[in-house]
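Q: Please take a close look at the largest nonpolar core of this predicted model. Which residues of this core touch the most other members, and which helices and strands supply it?

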Amino acid sequence: FLEQRRVEAFGMFFEVENSLDLYSLFVSPKFRKRGIATTIIDFAINHCKKNNLIKIVLEVNEKNTKALNFYIGKSFTKIGRRKNYYQLGKNYYDAILMEKKI
């Protein structure tokens with residue numbers, strides 16, 4: 001999503017075997033709550049359907065409750081955890097692994 005020649009939102013996905021891995025999803029704070037992230041996820045779902053991919057997988061920092069709630073609202077389910085995966089300053093946080101079956 002471009003605004004005045006600046007990237008304000010993006011999603012990076014990689015096809016791996018029969019799934020789509022969400023590597024990164026970002027929406028600039030001033031553009032949040034406008035449905036942009038939902039549009040990106042919907043595009044990914046449609047890509048999966050067209051290419052016979054069976055799921056979308058991702059990981060998210062356990063402390064990122066806004067992202068966790070967003071993905072849960074999009075019918076992603078928690079499937080695992082990577083202990084102490086993210087480091088922020090001197091603190092370590094788990095990565096929550098999630099998937100959405102298509």
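A: In this predicted model, the largest nonpolar core has 16 residues, and those that touch the most other members are Ile56, Leu58, Val60, Tyr71, Phe76 and Met98. At least two residues of this core come from each of β4 (19-27), α1, β5 (55-61), α2 (65-73) and β7 (91-101). With four residues, α1 gives the largest share. A separate, second core also exists; it has six residues, among them Ala9, Phe31, Ile36 and Ile40. As a general background, nonpolar side chains in soluble globular proteins tend to be buried together.

Phenylalanine 76 gives a detailed view of the largest core. Its relative accessible area is 3%, and because the limit for a buried residue is under 20%, phenylalanine 76 is buried. Beyond its neighbours within four places in sequence, phenylalanine 76 is in contact with Ile41, Ile56, Leu58, Tyr71, Met98, Glu99 and Lys100.

Aromatic rings may be considered next. The whole structure holds five aromatic pairs. In one of them, phenylalanine 70 and tyrosine 71 have ring centres 5.3 Å apart and planes at 65°, so this pair is edge-to-face. The two partners differ in exposure: phenylalanine 70 is partly exposed at 21% relative accessibility, whereas tyrosine 71 is buried at 7%. Tyrosine 71 also forms an edge-to-face pair with phenylalanine 76, with 5.4 Å from centre to centre and 70° between the planes. Phe70, Tyr71 and Phe76 thus belong to one aromatic cluster. Another ring, that of tyrosine 85, has the charged end of arginine 82 over it, 5.5 Å from the ring centre.

The strands that supply the core belong to a wider arrangement. Five strands, in the order β3-β4-β5-β7-β6, form an open sheet with mixed pairing. At its edges stand β3 (9-16) and β6, each with a single partner strand, so one side of each has no neighbour in the sheet. From one strand to the next, the twist averages 25°.

Both senses of pairing can be followed strand by strand. β4 and β5 pair in the parallel sense, over three bridges, and here aspartate 21 stands opposite valine 57 in β5. Strand β6 (residues 77-88) pairs with β7 in the antiparallel sense, over eight bridges. Arginine 81 stands opposite isoleucine 96 in β7. The hairpin of β6 and β7 has two residues between the strands, and in this hairpin glycine 89 takes a positive phi near 65°.

Helix α1, which gives the core its largest share, lies across β3, β4, β5 and β7 and runs at about 165° to β4. Asparagine 46 is placed in this helix, which spans residues 36-50. With a relative accessible area of 39%, asparagine 46 is partly exposed. Between asparagine 46 and isoleucine 102 there are 9.2 Å in space, C-alpha to C-alpha, although the two are 56 residues apart in sequence.

A second asparagine, asparagine 61, is placed in strand β5. At 11% relative accessibility, asparagine 61 counts as buried. Apart from residues up to four places away in sequence, asparagine 61 touches Leu68, Tyr86, Leu88, Tyr93 and Asp94. The C-alpha atoms of asparagine 61 and methionine 98 are 11 Å apart, with 37 residues of separation in sequence. Methionine 98 is one of the core residues that touch the most other members.

Two loop residues complete the picture. Glutamate 17 lies in the loop between β3 and β4 and has a phi near 55°, a positive value in a residue other than glycine. Glutamate 17 is exposed, at 77% relative accessibility. Lysine 33, in the loop between β4 and α1, likewise has a positive phi, near 70°, and is a residue other than glycine. Lysine 33 is exposed as well, with a relative accessible area of 86%.

Note on methods. Residues numbered from 1 in each chain as written. Predicted model: local features only at pLDDT ≥ 70, side-chain atom pairs only at ≥ 80, totals over all residues. Heavy atoms only, no water. Buried < 20%, exposed > 50% of the residue type's maximum accessible area, 1.4 Å probe, protein only. Core = buried A, V, L, I, M, F, W, Y, C linked by side-chain atoms within 4.5 Å. Contact = heavy atoms within 4.5 Å. Phe/Tyr/Trp six-rings, centres within 6.5 Å; stacked < 30°, edge-to-face > 60°. Lys NZ or Arg CZ within 6 Å of the ring centre and 35° of its normal. Pairing = 2+ DSSP bridges. Axes fitted to C-alpha atoms, helices over the stretch in contact; angles between N-to-C directions.
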